[in-house]
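This briefing is intended for a reader meeting the structure for the first time. It takes up salt bridges, then a sheet and its helices, and finally the nonpolar cores.

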Amino acid sequence: MATFLPFTTRIELPFWKAVNEKKLHEWKLDESPKPILGQLSYSEITGKECSLLMTYKSFNTNEIPKQESISGFMHLYNTAESFKAAMTAESKRKILEDETAKIWDSITSHAWLKNPELLSKFFMITFVDLKKFKYFSITCVPGLYFPSEIQQEINKDDLYGADPKTLFSHMAETSSTLFLFCRKSAAILDVSHLESVNNPDDFAIVVADPSTVSYTAGWPVRNVLAAVAQLHSSWNHCHVISLRSTGSIGIKFMWTNNISSQEKSLNFVPKSAGWDQLYNVDLRKKFDPVLQVDNSVNLNNELMKWRQLPDIRLERYSKLKVWLVFIKWFNFLLQVLILGAGTIGCNVARGLIAWGVSHITFVDNSTVSYSNPVRQSLSEFEDAKNNRGKAETAAKALIRINPNTKAESHMLTVPMPGHTIDKSAEAQLEKDVQKLEQLVMEHDVVYLALDSREARWLPTVLATKHRKIAISVAIGFDTFVVIRHGIGSRSDSLSHEAIAESMPYSHLSCYFCSDVTAPGNSTADRTLDQQCTVTRAGMSPQASAAATELLAAILQYPDPLMCPASVDENTTMLGATPHQIRYFANRYQMILPIVKRFERCVACGDAIAKQYQQHGWKFVLDVMNSPSRLEQVTGLDALQESVNAIDIEFDEDEDTTDE
């Protein structure tokens, strides 16, 4: 029995890209069949299939040479339900019958003699989920079961006297994939001459064959035989040259010519086959613009590994590896809490997402004013016009910049020493303290980008309690300071040499360690210029960049929570990991001091931690209504009294001038 190698559809990625564009901008809801081209190959040497290739060229009839393609239609359904309905056995049978009838009509009308392309057609039904970038399709290339009981004899050594090179040249010059070779004269004739041929042995029918199997003809040959058998009903055989660049073969096909009365009827249409398998693919990683943005965002970071920093651990900016309860290493999604969504908080966030940080939470209690957009990189005029919250505005802006960013916002007032409240506000205070502590607990890094000194007090207490990486950023008129707070147990003593060269993370001072008085209300009885952060325009970008890069360097240390303060550029692959960065714009000078923790600190001191642990929000209430409470708890009041009690007397008669 003769065998014919069926088509297998191969769909390249650019084909679906073209479908996406046309569906969105041209076709929209139009479900009418769209003309397309399938590309053939006559030179494949591997596999056991006839390949029908769909590429971006499939929608442009001028892109693919005529002799290397077959034409068809694609029916793109708008809904999954309509596609499923078309995929039922009954629907597929009806489609196959309709397409077969069209081919058979071209055969019985002899139209194929003038246009051989009518013998090979395909039909493709498709559904595209553009939201999830999932693609479904199935292709039908009808092959007619006519005539019946076809036999074959393959002759690999003799192509009936034909020269394959001559045949290929003719195909290239005429774009014809079906023509005749005269066995007596070696002439090449148009296939239309077949109608006047009486003896099937005088000619060989040349078919451009995409089959990859040496002993089997390709699927297009089946319909050629059907056309020949219908044209010359008295014939019971014909000769075919299967033209392939990998090795053409001659085949003699034989069949019975006992055509039944049903086959002679005008309404007769032979049976056929040709459905390929269902094709489905998930291309979210290839097409989803959100994922494309994510890949593009990380491009610069990935390029660092090519030359500058081959060993940099970029995953540290999306995941934080920590030692949990001294039992096991765990990877967590790196989550950054930014307290203050003003000029510093916005700029820090922009720097973090550039490093690949994807989870950022903003906390702020104010709204965008008209003076903010020129200084705050995540707000615009419309935000001020609509009185939008700063935190909400910053979070939404980050998502617009990179949709993969998980940005959240909370409008929350941070309780502050000296900002007194009455009894009616105590319930809200309790909620605010609990919410702020919850946020600190849920995040790995806390940036203190608040606009007053006292606003940093409670976040410092909470970050110390929960052992979080805390970084304070503050700017003045022509200065800025970036300080990372100490983490963990401080029981070990330090030498002065250690303080000068390097200091363990646990011994670093916090923002308040240099104070000998408690913070108070710095906003009361202030003029407008004292209420606002009046600063040179470049201070915030520089301070924010320094704060961002400090975290980037810390996260490259083997255990970030143990990263010492060091000015040695070999501390991490990104360089030094200083404790403090202080900049003076008036002389363009930067210094990197290392300061040891103060045991009586009003924020990170052990006495404060104990009071908060015991009394919680009520301790915060006491401090708000009486900041001196901090001095009492830490013993600073006694220290101040002891200093005041020192009486230094000078002898007025003593001559202190140099001789």
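In this predicted model, R93 forms a salt bridge with E97, and their closest N and O atoms lie 2.5 Å apart. Both residues belong to helix 3 (residues 89–108), where they are four residues apart, about one turn of the helix. A search of the whole structure finds 18 salt bridges, and three pairs are described below, followed by the sheet and the cores.

**Salt bridges**

- R93 is partly exposed, with a relative accessible area of 37%, and its partner E97 is likewise partly exposed, at 40%.
- The pair belongs to a wider arrangement, for E90, R93 and E97 are linked in a network of salt bridges.
- R244 forms a salt bridge with D209, with 3.5 Å between the closest N and O atoms.
- R244 lies in the loop between strand 13 and strand 14, whereas D209 lies in the loop between strand 11 and strand 12 (217–218), so this salt bridge ties together parts that are 35 residues apart in sequence.
- R244 and D209 are both buried.
- E437 forms a salt bridge with K465, the closest N and O atoms being 2.8 Å apart.
- This third pair links distant parts of the chain, with E437 in helix 13 (residues 426–442) and K465 in helix 14 (residues 457–465), 28 residues apart.
- The two partners differ in burial: E437 is buried, with a relative accessible area of 13%, while K465 is partly exposed, at 33%.

**The six-stranded sheet**

- Six strands form an open sheet in the order 8-14-13-11-9-10, and their pairing is mixed.
- Strand 8 (151–155) and strand 10 (188–190) are the edge strands, each pairing on one side only.
- From one strand to the next, the twist averages 30°.
- Strands of a sheet pair through backbone hydrogen bonds, in either a parallel or an antiparallel sense.
- Strand 9 (residues 178–182) and strand 10 run antiparallel and are joined by three bridges; L180 stands opposite L189 of strand 10.
- Strand 11 and strand 13 pair in the parallel sense over four bridges, with I205 opposite V240 in strand 13.
- Strand 13 and strand 14 run antiparallel and are joined by six bridges; C238 stands opposite F253 in strand 14.
- Strand 13 and strand 14 also form a hairpin with five residues between them, and G247 in the turn has a positive phi of about 140°.

**Strand 13 and its surroundings**

- How many of the residues of strand 13 are buried? Seven of the seven are buried, so the strand is largely enclosed by the rest of the structure.
- H237, H239, I241 and L243 point one way from strand 13, while C238, V240 and S242 point the other way.

**Helices against the sheet**

- Helix 4 (residues 164–174) lies across strand 9, strand 10, strand 11 (203–208) and strand 13 (237–243), and runs at about 80° to strand 13.
- Helix 5 (residues 219–231) packs on the sheet and touches strand 9, strand 11, strand 13 and strand 14 (249–254).
- The direction of helix 5 makes about 145° with that of strand 11.

**Nonpolar cores**

- In soluble globular proteins, nonpolar side chains tend to be buried together.
- The largest nonpolar core has 77 residues, of which W112, I205 and F253 touch the most other members.
- Helix 5 supplies the largest share of this core, nine residues.
- Where does this core lie with respect to domain 1 (7–144) and domain 2 (151–269)? Both domains give residues to the core, so it lies between them.
- Leaving aside neighbours within four places in sequence, I205 is in contact with L178, F179, L180, L194, V224, V228, C238, H239, V240 and I241.
- Another core, of 55 residues, lies apart from this one, and C346, V445, M539 and A543 are among its members.

Methods. Residues are numbered from 1 along each chain as its sequence is written. This is a predicted model: local features need pLDDT of at least 70, side-chain atom pairs count only at pLDDT 80 or more; totals for chains, interfaces and linings use all residues. Side-chain values use heavy atoms; hydrogens and water are left out. Two strands pair if DSSP finds at least two bridges between them. Helices (H or I, at least four residues) and strands (E, at least two) are DSSP runs, numbered from the N terminus. Axes are lines fitted to C-alpha atoms, for helices over the stretch in contact, and angles run from 0 to 180 degrees between N-to-C directions. Contact means heavy atoms within 4.5 Å. A nonpolar core is a set of buried Ala, Val, Leu, Ile, Met, Phe, Trp, Tyr and Cys residues joined through side-chain atoms within 4.5 Å. Buried means under 20% relative accessible area, exposed over 50%, partly exposed in between (1.4 Å probe, protein chains only). Domain bounds come from an automatic or database domain assignment. A salt bridge is a side-chain nitrogen of Lys or Arg within 4 Å of a carboxyl oxygen of Asp or Glu.
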